[in-house]
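Let's get to know this structure through a few short exercises. Try each task yourself before reading the solution under it.

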Amino acid sequence: MSTATTGMSTARRNKTGSKRRNGGATGSEKGKQRQRWLPWAFLAPTILGMGLFTLLPIVASVLLAFFRWDIISAPSFVGFDNFAEVVQDPTVRVSFVNTIMFVVVAVALQLGLALGLAIMVQEKLPAWLRVFFRSAFFFPLILSAASVSIFMRYLFNEQFGVVNWLLSLVGIPAVPWLTTPAGSAAVVILVYVWQNFGFSFLLFIGGLASIPTETYEAASIDGATGWRKHVHVTLPLLSPTTLVASVMAIINALQVFDQPYVLTRGGPGDATRTAVMVIFESAFQRLEFGQASAIGVILTLIIMAITAAQFRLSKRFVFYQ
Amino acid sequence: MTTTSTQRAAVDRLAPQRPTPRKKRNWSMAGRIVLLLIASVFILGPVLWTLSTSLRPPAESFQLPPSFLPLHPDFSSYDQVFKQLNIMLLVLNSALVTGLIAVGQMITAALAGYAFANLKFRGRGALFSVVLATMMVPAQVTIVPVFMLIRGIGLSDTLLALILPAIPTAFGTFLMRQYFLGLPADLAEAAAIDGASPWRTFRSVYAPLAMPGMAIVGILAFNYHWNEFFRPLILTISEQNFTLPLGLVSLQGNLGTGSISVVLAGVILSMIPALVVFMFGQRALRDGLTAGTGK
């Protein structure tokens with residue numbers, strides 16, 4: 001895919017180049033370009049739709065964060081009160097801490113697993129096996145997170161779940177997965193990583209495919225073998241892909257909702273409550289729309305800060321060929 | 001150590017019939033295959049267990065050890081899904097919502113992508129940056145105003161509430177722009193010389209060529225919205241407007257743990273369309289998901 005994208009941008013460069021070259025011909029086009037409204041007719045559905053359903057809500061969300069509104073009575077301006085209340089609310093605090101811990105563990109697992117499996121799949125393998133493994137690892141991505149959480153809840157059941165049965169075969173006593181804070185957090189992480197590592201896996205496969213084989217030949221002539229080859233050649237050359245994969249994984253993980261909602265409803269206690277769950281609950285269960293918006297604004301700022309920080313870091317650590 | 005591996009590289013090229021290095025490589029490949037197979041079992045196992053449990057009589061759902069091969073498949077759970085859950089309505093709702101979003105996205109993204117790629121207008125670059133920037137803000141953050149807007153225009157608790165906000169697509173527009181940029185610009189010039197209007201140039205020359213790109217947009221939209229849970233949870237209220245994932249989660253809640261196999265039969269049924277897409281559109285789905293991440 002990365003090669004295809006590069007192809008597209010090259011084509012674009014050629015195109016603008018040729019446009020510029022026969023600039024004289026555009027004189028005859030000018031007549032038709034008189035229909036100035038034409039591009040806007042093409043853009044209208046998307047631009048109007050986005051204005052109404054994306055841009056307006058973004059602005060409204062920020063404004064709403066400064067109001068108290070329960071939909072029934074008129075909204076009243078409260079300044080930074082919502083932010084102050086939200087920051088002091090123990091449930092909101094716990095849910096943000098949970099979310100950050102979740103992101104750290106889940107993203108590390110997801111990237112590690114994806115990278116390891118991608119390297120193993122891309123090395124010498126019979127073609128049919130490579131197709132099989134790629135499809136298998138990609139497969140969970142096409143399922144609904146809600147459905148996956150439904151059947152995973154049965155698999156992790158303490159008494160009759162298959163997971164505990166398998167553990168009992170190796171002599172491990174039944175783990176109270178969904179009834180203890182640590183167990184629930186582990187299940188949410190495992191189920192999330194199970195379903196999402198395939199996306200990072202796809203990105204790594206693309207990145208690995210773009211590393212020229214001569215680089216490996218040169219490395220093996222220099223005496224690098226096995227894992228040393230990967231530490232000194234693969235990892236540095238793959239760092240742009242790793243950056244993209246980690247940014248996307250972190251942004252997605254920060255918004256986790258479906259899995260904890262279906263698996264645990266945030267419990268036991270607040271053990272698996274996440275930032276988006278708190279937005280959902282304060283808006284649609286407690287009808288505190290202002291507070292919900294304030295939490296949303298905080299989450300968005302965190303996402304933007306992480307994205308910015310990661311691209312900053314990339315300038316220092318990412319190795320571009 | 002260094003010399004042996006240098007020699008090995010040379011030997012591999014000159015005398016591939018030498019047994020030692022070959023054997024070593026075969027062993028490492030076998031080891032890799034074993035590890036990859038274990039990983040596949042962890043990935044596919046839970047889904048196969050779901051399938052096999054859905055094919056067991058409800059009373060045997062708890063049975064351990066689990067039998068992965070249902071020798072006497074029992075379809076009573078599937079009967080029960082149809083009885084206990086208005087699954088035809090859920091399927092219809094999901095199909096309607098997903099289908100209309102997919103078609104809507106394909107059309108609007110093709111139009112906007114074409115304008116950004118091939119038409120010249122003032123503020124094109126700036127506008128495109130705004131479109132891209134909207135991808136940064138998570139949908140969960142804008143859901144509160146969207147909910148109020150839907151309420152304001154009188155669409156709350158309708159399927160249109162799910163469909164309309166999902167049609168304008170920044171990612172689809174980006175994808176289609178890339179696609180149109182990859183098509184030769186001379187075609188427009190040729191069409192103009194033949195006297196085709198700009199609309200006809202798009203309709204008869206570029207749009208047919210961009211079908212593969214539109215298919216990617218459609219498949220991505222299908223995959224995402226067929227499985228979507230968060231928006232339906234908030235934007236639909238009455239059960240007659242539920243989509244499949246929402247209906248299945250509420251079925252699990254209603255049944256408790258009594259009839260696992262019934263819930264799982266519903267889960268399996270809901271996977272079928274996604275599975276069809278997986279089999280026939282996997283390539284397009286992969287390309288779409290990773291589009292824009294390559295440099």
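**Exercise 1. Is Phe77(A) buried or exposed, judging by its C-beta neighbours inside 10 Å?**

Step 1: Phe77(A) has 10 C-beta neighbours inside 10 Å. Step 2: a residue is buried if 20 or more other C-beta atoms lie within 10 Å of its own, exposed if 12 or fewer, and partly exposed in between, with C-beta atoms placed from the backbone. Step 3: Phe77(A) therefore counts as exposed. Step 4: Phe77(A) sits in strand E2 (residues 76-77) of chain A; helices (H or I, at least four residues) and strands (E, at least two) are DSSP runs, numbered from the N terminus. Step 5: leaving out residues up to four places away in sequence, Phe77(A) touches Phe66(A) and Phe67(A), where two residues are in contact if their C-beta atoms, placed from the backbone, lie within 7 Å. The C-alpha atoms of Phe77(A) and Phe66(A) are 6.0 Å apart, although 11 residues separate the two along the chain.

A word on the ground rules: this is a predicted model, in which local features need pLDDT of at least 70 and side-chain atom pairs count only at pLDDT 80 or more, while totals for chains, interfaces and linings use all residues. Residues are numbered from 1 along each chain as its sequence is written, and chains are lettered from A and ligands numbered from 1 in the order in which they are written.

**Exercise 2. Which elements of chain B have the lowest and the highest mean pLDDT?**

Step 1: pLDDT is the predictor's confidence in each residue, from 0 to 100. Step 2: chain B averages 82, and 83% of its residues score at least 70. Step 3: among its elements, helix H1 (residues 2-14) of chain B is the lowest with a mean of 45, and helix H4 (residues 87-118) of chain B the highest with 93. Step 4: over residues 1-20 of chain B, pLDDT stays under 50, and the model has 12 contacts there beyond four places in sequence. For the complex, the predictor gives an ipTM of 0.82 and a pTM of 0.84.

**Exercise 3. How many helices and strands are there in chain B, and what share of the residues is buried?**

Step 1: chain B has 14 helices and 0 strands. Step 2: of its 295 residues, 44% count as buried. Step 3: of the contacts in chain B between residues at least 6 apart in sequence, 74% join residues at least 24 apart.

**Exercise 4. How many residues of chain B are in contact with chain A, and which helix gives the largest share?**

Step 1: 78 residues of chain B meet 86 residues of chain A. Step 2: helix H14 (residues 260-290) of chain B supplies the largest share of chain B's side, 14 residues. Step 3: chain B's side divides into 53 nonpolar, 20 polar and 5 charged residues. Here Ala, Val, Leu, Ile, Met, Phe, Trp, Tyr, Cys and Pro count as nonpolar, Asp, Glu, Lys and Arg as charged, and the others, Gly among them, as polar.

**Exercise 5. Where is Asp157(B) placed, and what is its phi?**

Step 1: Asp157(B) is in the loop between helix H6 (139-152) and helix H7 (159-163) of chain B. Step 2: its phi is near 60°, a positive value in a residue other than glycine. Step 3: most residues other than glycine have a negative phi. Step 4: Asp157(B) is partly exposed, with 13 C-beta neighbours inside 10 Å.
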